[in-house]
Amino acid sequence: MTTTSAGLLLFRRTDGAVEVLLGHMGGPFWSRKDAHAWSIPKGLYTDEEPLAAAEREFAEELGSPAPPGPTVPLGSVRQSGGKTVTVYAREGDLDATAIRSNEFALEWPRGSGRMQTFPEIDRAGWFTPEEAAEKLVKAQSAFLDRLREHLSGA
């Protein structure tokens, strides 16, 4: 069975430059990593439309609904773990310093029998597409290229 995930890549234009909003993955595995430890706000779905799942996950992971506006489908990619991720882009703005992510429970340290909670996204930030390519999980960088193509009118 294929695992499917959907996300929303928010972008804005500031002083003629494009910036995208990314979330740093929370939890102990990612806490000391920066390169390729950021993600487009996304999450799993089964019985809902991908865009509805992307908007739901955006709100859950950032603590705020996605700004309204036209939505651009950026297609899907298959990540190295086998998950298929479908992403949409939307122009809008959001205060990245004010996010409030939902949390997940994890036995930590592993084998300790002690459960701890961690935010799914521990911080968010705005980045140029070039900066974002260095921060994003590698497979998701394809969405940056597709957004650039869309914005250039290709």
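## Strand pairing around β6

In this predicted model, strand β5 (residues 71-78) pairs with strand β6 (residues 84-91) in the antiparallel sense, and 6 bridges connect the two. Within this pairing, valine 72 stands opposite alanine 89 of β6, while serine 76 has threonine 86 of β6 as its bridge partner. The two strands form a hairpin that leaves 5 residues between them, and in the turn glycine 82 has a positive phi of about 100°.

Strand β6 also pairs with β1, in this case in the parallel sense, over 8 bridges. Here leucine 10 stands opposite arginine 90 in β6. Strand β6 is mostly covered, since 6 of its 8 residues are buried.

## Nonpolar cores

The largest nonpolar core contains 19 residues, and those that touch the most other members are Leu9, Val20, Leu22 and Leu74. Two or more residues of this core come from each of β1 (4-14), β2 (17-25), β5, β6 and α3 (141-151). A second core, separate from this one, has 17 residues, including Leu10, Leu21, Tyr45 and Ala54.

Neighbouring positions in sequence thus appear in the two cores, with Leu9 in the largest and Leu10 in the second, and likewise Leu22 in the largest and Leu21 in the second. As a general point, the side chains of a regular strand alternate between the two faces of the sheet.

Leucine 22 may be examined in more detail: with residues up to four places away in sequence not counted, leucine 22 touches Leu9, Trp38, Ser39, Ile40, Arg123, Ala124, Gly125, Phe127, Ala132, Lys135 and Leu136.

## The largest pocket

The largest pocket has a volume of about 480 Å³. Its lining is made up of 22 residues, of which Met25, Lys42, Glu61, Lys83 and Glu120 are the closest to the pocket centre.

By residue class, the lining of this pocket divides into 8 nonpolar, 8 polar and 6 charged residues. Strand β4 (42-44) and helix α1 (50-62) each supply at least two residues of the lining.

## Two residues with more solvent access

Alanine 105 is found in strand β7 (residues 103-107). Its relative accessible area is 52%, and because the cut-off for an exposed residue is over 50%, alanine 105 is classed as exposed. When neighbours within four places in sequence are left aside, alanine 105 is in contact with Met115, Gln116 and Thr117. Between alanine 105 and threonine 14, which are 91 residues apart in sequence, the C-alpha to C-alpha distance is 37 Å.

Arginine 148 is found in helix α3, one of the elements that give two or more residues to the largest nonpolar core. Arginine 148 itself has a relative accessible area of 32% and is therefore partly exposed, as this value lies between the 20% limit for buried residues and the 50% limit for exposed ones. Apart from neighbours within four places in sequence, arginine 148 is in contact with Pro129 and Glu130. The C-alpha atoms of arginine 148 and glycine 16 are separated by 14 Å, although these residues are 132 places apart along the chain.

Notes. Residues numbered from 1 in each chain as written. Predicted model: local features only at pLDDT ≥ 70, side-chain atom pairs only at ≥ 80, totals over all residues. Heavy atoms only, no water. 1 Å grid on protein atoms, 1.4 Å probe; cavity = no way out; pocket = protein on both sides within 12 Å on 5 of 7 lines; lining within 4 Å. Points joined across faces, edges and corners; volume = space filled by probe spheres on them. Helix = DSSP H or I, 4+ residues; strand = E, 2+ residues; numbered from the N terminus. Nonpolar A, V, L, I, M, F, W, Y, C, P; charged D, E, K, R; others polar. Buried < 20%, exposed > 50% of the residue type's maximum accessible area, 1.4 Å probe, protein only. Contact = heavy atoms within 4.5 Å. Pairing = 2+ DSSP bridges. Core = buried A, V, L, I, M, F, W, Y, C linked by side-chain atoms within 4.5 Å.
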